[in-house]
Amino acid sequence: MSSKNNKMTISEIKKLPFSLLNKIINHAKKEIKKDETMLRICKEYNVSIEEIDYIPTYFKDLDVSATTDHGIVYLNYTLMKDGFSTKNWSYLIHEYSHFFQQTAADKPTKGSSEGEYLHNPHEQEGFANQVEFLANHFGDDEAEEYVDDLLDHHDEDNNKDLKNKLMENI
């Protein structure tokens, strides 16, 4: 393992056995099944919290932190650099929101590449759930910092309405 601050390199992470990565994901799933945000999401979509156990979730090379594609959740290997910590579980909250949007909603979802990403109502719901999780576990300031960084990254840092939409659950 890399010695610099005990952070693993991407090449080291990719060499980890699938069984270990799967155990890490399953541990996170077990923990978020107790989370009030995830419980609320499941209730809203009228699905059992136990369905989380059946959501295919894998680490993969991605240009983004996480994505849901045809009912499969992919997490970027970079999320493992410091270990797959509670803060990174927020990406599962976001992507599992999309999973339930795609599998338990009344109508099809709009894809993340259709239109302006942060103005997509399905993305806004995913981010609002993720931000709620962050606020519940790390405080409102940490959640707001995440939103500010997200808006800055997407050149929306002066959009107060969008910021309020993404923070509506806290």
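## Packing of helices 5 and 6

In this predicted model, helix 5 (residues 121–138) packs against helix 6 (residues 140–153) at an angle of about 145°, and their axes lie 6 Å apart. Helix 5 contributes Phe-127, Gln-130, Val-131, Leu-134, Ala-135 and Phe-138 to the contact. From helix 6 they are met by Asp-140, Glu-142, Ala-143, Tyr-146, Val-147 and Leu-150. By class, the residues of this contact comprise 9 nonpolar, 1 polar and 2 charged.

## Helix 2 and its surroundings

Helix 2 (residues 18–32) consists of 15 residues and spans 21 Å from its first C-alpha to its last, close to the 21 Å expected at 1.5 Å a residue. Its buried residues are Leu-21, Ile-25, Ala-28, Lys-29 and Ile-32. These residues lie on the same side of helix 2, because they cover an arc of only 105° around the axis. An α-helix has 3.6 residues a turn, so residues three or four places apart point the same way.

The cover over the buried residues of helix 2 includes helix 3 (36–44), strand 1, strand 3, helix 4 (89–104) and helix 5. On the face turned away from the buried side, helix 2 carries the exposed residues Lys-23 and Lys-30.

## The hairpin of strands 2 and 3

Strand 2 and strand 3 (residues 72–76) pair in the antiparallel sense over 4 bridges. One bridge partnership links Ala-66 to Leu-75 in strand 3. The two strands form a hairpin with 2 residues between them, and His-70 in the turn has a positive phi of about 55°.

In a regular strand the side chains alternate between the two faces of the sheet. Strand 2 (residues 66–69) shows such alternation: Ala-66 and Thr-68 point to one face and are buried, whereas Thr-67 and Asp-69 point to the other and are not buried.

## Two loop residues

Asp-63 belongs to the loop between strand 1 (57–60) and strand 2. Its relative accessible area is 84%, so Asp-63 is classed as exposed, the cut-off for that class being over 50%. Between Asp-63 and Ile-24, which are 39 residues apart in sequence, the C-alpha to C-alpha separation is 21 Å.

Asn-159 occupies the loop between helix 6 and helix 7 (160–166). When residues up to four places away in sequence are not counted, Asn-159 touches His-119 and Leu-151. Asn-159 and Leu-62 are 97 residues apart in sequence, and their C-alpha atoms are 27 Å apart in space.

Technical notes:
Residues numbered from 1 in each chain as written. Predicted model: local features only at pLDDT ≥ 70, side-chain atom pairs only at ≥ 80, totals over all residues. Heavy atoms only, no water. Axes fitted to C-alpha atoms, helices over the stretch in contact; angles between N-to-C directions. Contact = heavy atoms within 4.5 Å. Nonpolar A, V, L, I, M, F, W, Y, C, P; charged D, E, K, R; others polar. Buried < 20%, exposed > 50% of the residue type's maximum accessible area, 1.4 Å probe, protein only. Pairing = 2+ DSSP bridges. Expected span 1.5 Å × (residues − 1). Arc of directions from axis to C-beta.
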